[in-house]
Amino acid sequence: MTFKEKIYSHYIQMVQDRIDVFRDMISNLTEDSQNDAKGSAGDKHETALSMMHIEQEKLTHKLKESIAQIAVLDKIDPAKTTENIVLGSLVKANGIYLYVSVALPKIAIDGINVIALSPQSPLGNHLMGNKVGFQFEINKTHYTIESVE
């Protein structure tokens, strides 16, 4: 498995794990609210149900975000390499590895830090469509593209 494929696999697993956790939490809240509805009455009961509903809405929103992230990752072929930076490219700029995909937390693969960023982010926007040797500046930081996989 190539370095880029390891990165892709790690991020797919990370997002899938999030989806599973959010689904479990939503399921547990639904179950709790149904159980709570059987034995309680009054203002405290209504407040508890309302709080559970609000929490369920937050989790549902996070679940939808994670599903959207996995949909973007599913469009990527980690074995594909191009000269120009596209969705799914692994870019090395200023010694930093950047994975153009979706905004996700920094990870370490084989002891090397990798930052996943969205093509819509300021840095991702500057990278898209460019090649090795391209130079640009963001927030007074000068970047040079060293490699593209």
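Biologist: What do β3 and β4 form, and how many residues sit between them?

Modeller: They form a hairpin, with two residues between the strands. This is a predicted model, by the way.

Biologist: Which residue in that turn has a positive phi?

Modeller: Aspartate 110, which lies in the loop between β3 and β4. Its phi is near 50°, a positive value in a residue other than glycine.

Biologist: Is aspartate 110 buried or exposed?

Modeller: Aspartate 110 counts as exposed because its relative accessible area is 56%, and the cut-off for exposed is over 50%.

Biologist: And in what sense do the two hairpin strands pair?

Modeller: Antiparallel: β3, residues 104–109, and β4, residues 112–117, are joined over four bridges. Isoleucine 109 has isoleucine 112 in β4 as its bridge partner.

Biologist: Where else is there a positive phi in a residue that is not a glycine?

Modeller: At lysine 140, where phi is about 65°. Lysine 140 sits in the loop between β5 and β6, the latter covering 141–148. With a relative accessible area of 82%, lysine 140 is exposed.

Biologist: OK, zoom out. What's the order of strands in the sheet?

Modeller: Six strands make an open sheet, ordered β3-β4-β2-β1-β6-β5, and the pairing is mixed. β3 and β5 (135–138) are the edge strands, each pairing on one side only. On average, neighbouring strands in this sheet are turned by 35° against each other, direction ignored.

Biologist: How many bridges join β1 to β2?

Modeller: Four, and the two strands run antiparallel. β1 covers residues 90–93, and alanine 93 stands opposite isoleucine 96 in β2.

Biologist: What about helices, how many does the protein have?

Modeller: Three, along with six strands. Reading from the N terminus, the elements go α-α-β-β-β-β-α-β-β.

Biologist: Now the packing. Which residues have the most contacts inside the largest nonpolar core?

Modeller: Ile7, Tyr11, Leu73, Tyr99 and Val114, in a core of 25 residues. α1 (3–39), α2 (43–74), β2 (96–100), β3 and β4 each supply at least two residues of this core. The largest share, ten residues, comes from α1.

Biologist: Is there a general rule behind nonpolar side chains ending up buried, and what is it?

Modeller: In soluble globular proteins, nonpolar side chains tend to be buried together.

Biologist: Back to Tyr99. What does tyrosine 99 touch?

Modeller: Leaving out residues up to four places away in sequence, the contacts of tyrosine 99 include Lys4, Ile7, Tyr8 and Tyr11. Others among them are Ile76, Gly88, Ser89 and Leu90, as well as Val114, Ile115, Ala116 and Leu117. Apart from the largest core lies another one, of 13 residues, including Leu98, Leu127, Phe136 and Val148.

Biologist: Let me pick a serine. Where's the place of serine 66?

Modeller: Serine 66 is in helix α2.

Biologist: And why does serine 66 count as buried?

Modeller: Because its relative accessible area is 2%, and buried means under 20%. Not counting residues up to four places away in sequence, serine 66 touches Val15, Arg18, Ile19 and Phe22.

Biologist: Next one, valine 102. Which loop is its place?

Modeller: Valine 102 is in the loop between β2 and β3. That residue counts as buried, with 8% relative accessibility.

Biologist: What is valine 102 in contact with?

Modeller: Setting aside neighbours within four places in sequence, valine 102 contacts Gln69, Val72, Leu73, Ala116, Leu117 and Ser118. Valine 102 and leucine 117 are 15 residues apart in sequence, with 5.2 Å from C-alpha to C-alpha.

Biologist: Last topic, the overall shape. What's the radius of gyration of the protein?

Modeller: 21 Å, whereas a compact globule of 149 residues would have one near 15 Å. Along its principal axes, the C-alpha trace spans about 70 × 35 × 25 Å.

Biologist: And what share of the residues counts as buried?

Modeller: 35% of the 149 residues. The accessible surface comes to about 8,900 Å², with 52% of that belonging to carbon and sulfur atoms.

Biologist: What share of the contacts comes from residues 24 or more positions apart?

Modeller: 59%, taken among contacts with a separation of 6 or more.

Notes: Residues are numbered from 1 along each chain as its sequence is written. This is a predicted model: local features need pLDDT of at least 70, side-chain atom pairs count only at pLDDT 80 or more; totals for chains, interfaces and linings use all residues. Side-chain values use heavy atoms; hydrogens and water are left out. Two strands pair if DSSP finds at least two bridges between them. A nonpolar core is a set of buried Ala, Val, Leu, Ile, Met, Phe, Trp, Tyr and Cys residues joined through side-chain atoms within 4.5 Å. Buried means under 20% relative accessible area, exposed over 50%, partly exposed in between (1.4 Å probe, protein chains only). Contact means heavy atoms within 4.5 Å. Axes are lines fitted to C-alpha atoms, for helices over the stretch in contact, and angles run from 0 to 180 degrees between N-to-C directions. The radius of gyration is taken over C-alpha atoms; the globule rule is 2.2 Å times the number of residues to the power 0.38. Accessible areas come from the Shrake-Rupley method with a 1.4 Å probe; for residues, only the protein chains shown count as cover.
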